[in-house]
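Good morning, and thank you for making time for this item. Please have the sequence and the structure in view while I speak.

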Amino acid sequence: MGHSALEDRGVEISCLVLKVTEHTETESSMDSEGHWTSTTRTSYDHRLGCPAGGPEHLDAASRLAKEGESLAVVHDPEGKVSPRAAGDVHGWGLRTAAAVAVGAAVLLGLAGGIGEAYRKRRRRPRGPTAR
């Protein structure tokens with residue numbers, strides 16, 4: 001629900017990253033044969049300085065920006081969904097659409113150029129011409 005709610009009603013704002021705190025958690029468990037397995041998870045708490053009404057922090061699986069940098073954040077004005085980095089909410093869709101459009105334009109240009117070269121070659125007489 002969170003992702004779609006942010007796409008529907010989320011507000012994108014620019015926030016200043018005040019501090020980034022790394023948290024590491026390790027969970028260990030034993031299987032039925034007595035072997036231990038450990039899983040380590042790292043998360044990053046980004047303390048933010050946002051305009052009034054914006055979030056105070058954003059948790060992520062990776063460091064999104066360094067202290068003192070600006071970070072585009074999408075937050076729910078109703079406060080029901082945790083904020084996310086703007087690129088996580090809608091960036092890939094826009095980037096993919098732009099990449100597809102550029103790729104299509106390049107392919108159409110190449111196809112047009114190849115077609116024109118073929119037509120020019122067919123119009124050119126072959127071999128020596130009689131006078």
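What does the accessible surface of the protein come to, and what percentage of it belongs to carbon and sulfur atoms? The accessible surface is about 9800 Å², and 54% of it belongs to carbon and sulfur atoms. I should state at once that this is a predicted model. Its mean pLDDT is 82, and 82% of the residues reach 70 or more. Confidence is highest in β2, with a mean of 94, and lowest in α2, with a mean of 69.

Let me turn to the overall architecture. The protein has two helices and five strands. Read from the N terminus, these elements follow the order α-β-β-β-β-β-α. Of the 131 residues, 21% count as buried. If we take the contacts between residues at least 6 apart in sequence, 52% of them join residues at least 24 apart.

Next, the sheet. The five strands form an open sheet in the order β3-β2-β1-β4-β5, and the pairing is antiparallel. Its edges are β3 and β5, the latter spanning residues 84-85, and each of these strands pairs on one side only. As a general reminder, strands of a sheet pair through backbone hydrogen bonds, either parallel or antiparallel.

Consider β1 and β2 in particular. These antiparallel strands are joined by 14 bridges. Among the facing positions, Glu-25 stands opposite Arg-41 of β2, and Ser-28 stands opposite Ser-38, also in β2. The two strands form a hairpin with five residues between them. In that turn, Gly-34 has a positive phi of about 90 degrees. On the other side of the hairpin's second strand, the subject is β3: β2 and β3 are antiparallel and share four bridges. There, Arg-47 faces His-57 of β3.

How many disulfides does the structure hold? There is one, and it joins Cys-15 to Cys-50 with an S to S distance of 2.0 Å. The torsion about this S-S bond is about 110 degrees, so the disulfide is right-handed. The pair links distant parts of the chain, 35 residues apart: Cys-15 belongs to β1, residues 11-30, whereas Cys-50 sits in the loop between β2, residues 36-49, and β3, residues 57-60. Is Cys-15 buried or exposed? Cys-15 has a relative accessible area of 2%, and it therefore counts as buried.

Cys-15 also brings us to the interior. The largest nonpolar core has 11 residues: Ile-13, Cys-15, Val-17, Val-20, Tyr-44, Leu-48, Leu-58, Ala-60, Ala-65, Leu-71 and Val-73. Strands β1, β2, β3 and β4 each supply at least two residues of this core. The largest share, four residues, comes from β1. In general terms, nonpolar side chains in soluble globular proteins tend to be buried together.

One member of this core, Leu-58, deserves a closer look. Residues up to four places away in sequence are not counted here. On that basis, Leu-58 touches Tyr-44, Asp-45, His-46, Leu-48, Leu-64, Val-73, Pro-83, Arg-84 and Ala-85. Apart from the largest core lies another, of six residues, including Ala-5, Val-74, Ala-86 and Val-89.

Where is Val-89 placed? Val-89 lies in helix α2, which covers residues 86-123. With a relative accessible area of 5%, Val-89 is buried. Val-89 and Val-74 are separated by 15 residues in sequence, and their C-alpha atoms are 7.4 Å apart in space.

The last residue I wish to discuss is His-75. It is part of strand β4, residues 70-75. His-75 is buried, with a relative accessible area of 9%. Which residues are in contact with His-75, leaving aside its neighbours within four places in sequence? They are Leu-6, Gly-10, Val-11, Ile-13, Gly-53, Gly-54, Pro-55 and Pro-83.

To close, I return to three points. The model is predicted, with its lowest confidence in α2. Its five strands form an open sheet with antiparallel pairing. The one disulfide joins Cys-15 to Cys-50, and Cys-15 is also one of the residues of the largest nonpolar core. Thank you for your attention.

Definitions and conventions. Residues numbered from 1 in each chain as written. Predicted model: local features only at pLDDT ≥ 70, side-chain atom pairs only at ≥ 80, totals over all residues. Heavy atoms only, no water. Disulfide = S-S within 2.5 Å. Buried < 20%, exposed > 50% of the residue type's maximum accessible area, 1.4 Å probe, protein only. Pairing = 2+ DSSP bridges. Contact = heavy atoms within 4.5 Å. Core = buried A, V, L, I, M, F, W, Y, C linked by side-chain atoms within 4.5 Å. Areas by Shrake-Rupley, 256 points an atom, 1.4 Å probe, with all protein chains shown as cover. pLDDT = per-residue confidence, 0-100.
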